[in-house]
Structure formats: structure tokens, C-alpha cells
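Me: I should like to go through this model by question and answer, starting from the ligand and moving outwards. Please close each reply on the value or name requested.

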Amino acid sequence: MKLIGKKALVTGSNQGIGQAIALRLAEEGADVVIDYVTHPDTAAETVQRAQKFGRRAVAVEGDISKVADTQRMVRESVEALGGLDILVNNAGVEKYAPFWEVTEPDYDLVLNINLKGAFFATQAFVRHRMEVKQPGKVINVSSVHEELPFPHFTSYCASKGGMKMVMRNLSIELAPFGITVNNIAPGAIETPINTALLHDPVKLNALLENIPLKRLGNTSDVAGVAAFLASPDADYITGATFVVDGGLTWNYSEQ
Ligand code: BGC
């Protein structure tokens, strides 16, 4: 149990990768805040599951695309747990559309949640850590698409590429305060974000062909890396991206 005494906020943690991360951090000993926007029932259920590990867990409603919400969310987390050492920027969405059909509302939705949300949640977290003069860890859940093109998902790639550069900048700017910043870049993981793909056998098989380990990832594949990055074992790591993709990123071949 490497996270005893630590307190973590995971955005978008009532489902998918965020939920698995929150539960894994609790299993390792951390108290956790489950952030959600919709489905308070799944947030409450996640809280109960985290409490079964003997940890404190609370749910906080917060739409990270709104700066005021990110600030309130961090304040409420600090109040509920008596501090906050770890922030996991996980909440994210994607919208499929050919480039020439992308609408302004869809563009704003993706960028405001994935990039602006993580940006200002991190700012609120950093201000808290500076106030209490303590180190901290920021872990962003980005995507292999912080690096790899993903045609028809250009707004998503813009948000994840942006997240990569925010992470690299902050790793330098926040190092003097003992705050580390790293990204986890999942590939194709079985989560609600790709429900459509999971139900399309043709697309799914084409994707599996490109994954050297020949399976989609599980949320626990990602959660394990988050638990490591949140732990003291990762104290000397900052400014890095950890790819969790079964080999997808580098699998180019001509047959
Ligand atoms: C996307 C998924 C996609 C995967 C691999 C993820 O970031 O959210 O929709 O299947 O990357 O391309």
C-alpha cells in the first residue's frame, strides 16, 4: 500500500478509466474524491466501492469545462479530505466528424473538457499545493493521440496534443515546488468512450490487427500506471508520457 495518507481527486471518475484509477488509488491506501457531471448514482456506487478498501471517499459534482467548477471542486476536495496531494486529470470526450463538418459547439465541447478543464483544474490544485507549501503529483490521462494522428477526430487530437505540451511546460515550471506532472497515453481501452467501436466488428477487427498484443486494453492496465505515478516510486519522474497501448503506436508495417 504505497499511497497511505495520500489524498487524490480524479476527474470523470464515475465510469471507465477514471473509475478504475480512483479505485486503484484507494486500494493502494489513498482517500479519493470521485468527480462526476451526470449519473450521481454511479458516482455514489464508486464511492461505496472505494470505501470498501477502508478509505475515505466522497463524490463531488463538477463540470470541469467551467473554470469556476474546477476551483470549487478542488476547494470541496480539500475540505472533505483535509488536503489534496494528487490530481488525476482524466475526464475526456471525443466527437467523430470529418474536418469540414466539425461544428463550433462540438469543437468547444471537446477542447473545453479535455484541455481547458485539465488546465484550470491543475491551476486550482497547484495554488492549493503552493498555499500549503507541499509537493504534489499531477497525472493527466491523455491518449496515444497526443502523438498519433486520428483522422476524423481532429479536435480530440488538438486537445491531447495540447495536453502533452501543457504537461511538458508545467513539469519545468512546477518543479521548483516539488510538483511533478506526467501523462498516461492509453491506446484502445474498453470503456464507454468507444462503445460504438466495440459494437462494430469490422472496425474492431481492423483495430485489433494493428495492436501487437492483439487485445484491447483494460481499465486496470491504465490504473496500475496511475498508481505507480502517484506513488513515491515515481518521485524522480516528471515531464514524461507513459504509453499504455499494447504496442499500437509503433506498429507500422507494409505487407
Ligand atoms: C480514443 C479511442 C481510440 C483509441 C485508439 C483513444 O484515445 O479515445 O476512441 O480507439 O484512442 O485509437
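**The ligand and its surroundings**

Me: Which residues are around the ligand?
Reply: The model is a predicted one. In it, the residues around the ligand are E94, S143, H145, F150, Y156, G187, A188 and I193.

Me: How do the residues of the shell around the ligand divide into nonpolar, polar and charged?
Reply: The shell includes E94, S143 and Y156. Glu counts as charged, Tyr as nonpolar, and Ser falls among the polar residues. Over the whole shell, the division is four nonpolar, three polar and one charged.

Me: How far from an oxygen atom of the ligand does a polar side-chain atom of Y156 lie?
Reply: An N or O atom in the side chain of S143 is 2.6 Å from an oxygen atom of the ligand. For E94, a polar side-chain atom lies 2.6 Å from a ligand oxygen. For Y156, the corresponding value is 2.7 Å.

Me: What percentage of the area that the ligand exposes when taken alone does the protein bury?
Reply: Polar side-chain atoms of E94 and Y156 each approach an oxygen atom of the ligand. Taken alone, the ligand exposes 310 Å². The share of this area that the protein buries is 91%.

Me: Is S143 buried or exposed?
Reply: S143 is placed in the loop between β5 and α5. Beyond its neighbours within four places in sequence, it is in contact with Y156, K160, I184, A185 and P186. Its relative accessibility is 3%, and a residue under 20% is classed as buried, so S143 counts as buried.

Me: Which residue has its backbone nitrogen 2.8 Å from a polar atom of the S143 side chain?
Reply: The S143 side chain also has an N or O atom 2.6 Å from a ligand oxygen. The backbone nitrogen at 2.8 Å from a polar atom of that side chain belongs to H145.

**Helix α5 and its cover**

Me: What distance separates the end C-alpha atoms of helix α5?
Reply: Helix α5 covers residues 154–173, which is 20 residues. At 1.5 Å a residue it should span 28 Å, and the model agrees, because the end C-alpha atoms are separated by 28 Å.

Me: Which elements are included in what covers the buried residues of α5?
Reply: The buried residues of α5 include Y156, S159, K160 and M163. Their cover, together with that of the other buried residues of the helix, includes β4 (86–89), α4 (104–131), β5 (136–141), β6 (179–186) and β7 (241–244).

Me: With which residue does the side chain of N114 make a polar contact of 3.1 Å?
Reply: N114 lies in helix α4 and is buried, at a relative accessible area of 1%. Among the residues it touches are Y156, S159, K160 and M163. The side-chain polar contact of 3.1 Å is with S159.

**Strand β5 and helix α3**

Me: Which side chain makes a polar contact with the side chain of K137?
Reply: K137 is found in strand β5, and at 10% relative accessibility it counts as buried. Its contacts beyond four places in sequence include D85, F125, T180, L229 and D235. The polar contact, at 2.6 Å, is with the side chain of D235.

Me: What distance should the 15 residues of helix α3 span?
Reply: Helix α3 runs over residues 67–81. The expected span is 1.5 Å times one less than the number of residues. The end C-alpha atoms agree with the resulting value of 21 Å.

Me: Which elements are included in what covers the buried residues of α3?
Reply: The buried residues of α3 are D69, T70, R72, M73, V74, S77 and L81. What covers them includes β1 (7–10), β2, β3 (57–61) and α4.

**Backbone angles**

Me: What is the approximate phi of K214?
Reply: Most residues other than glycine have a negative phi. K214, in the loop between α7 (201–209) and α8 (219–230), is partly exposed at 48% relative accessibility. Although it is not a glycine, its phi is positive, at about 55 degrees.

Me: Which residue in the loop between β2 and α2 is found there with a positive phi?
Reply: The loop in question joins β2 (31–36) and α2 (40–51). The residue counts as partly exposed at 48% relative accessibility. Its phi is about 60 degrees although it is not a glycine, and the residue is H39.

Definitions and conventions. Residues numbered from 1 in each chain as written. Predicted model: local features only at pLDDT ≥ 70, side-chain atom pairs only at ≥ 80, totals over all residues. Heavy atoms only, no water. Helix = DSSP H or I, 4+ residues; strand = E, 2+ residues; numbered from the N terminus. Buried < 20%, exposed > 50% of the residue type's maximum accessible area, 1.4 Å probe, protein only. Contact = heavy atoms within 4.5 Å. Near = heavy atom within 4 Å. Polar contact = N/O pair within 3.5 Å; in protein donor to acceptor, adjacent residues only side chain to side chain. Areas by Shrake-Rupley, 256 points an atom, 1.4 Å probe, with all protein chains shown as cover.
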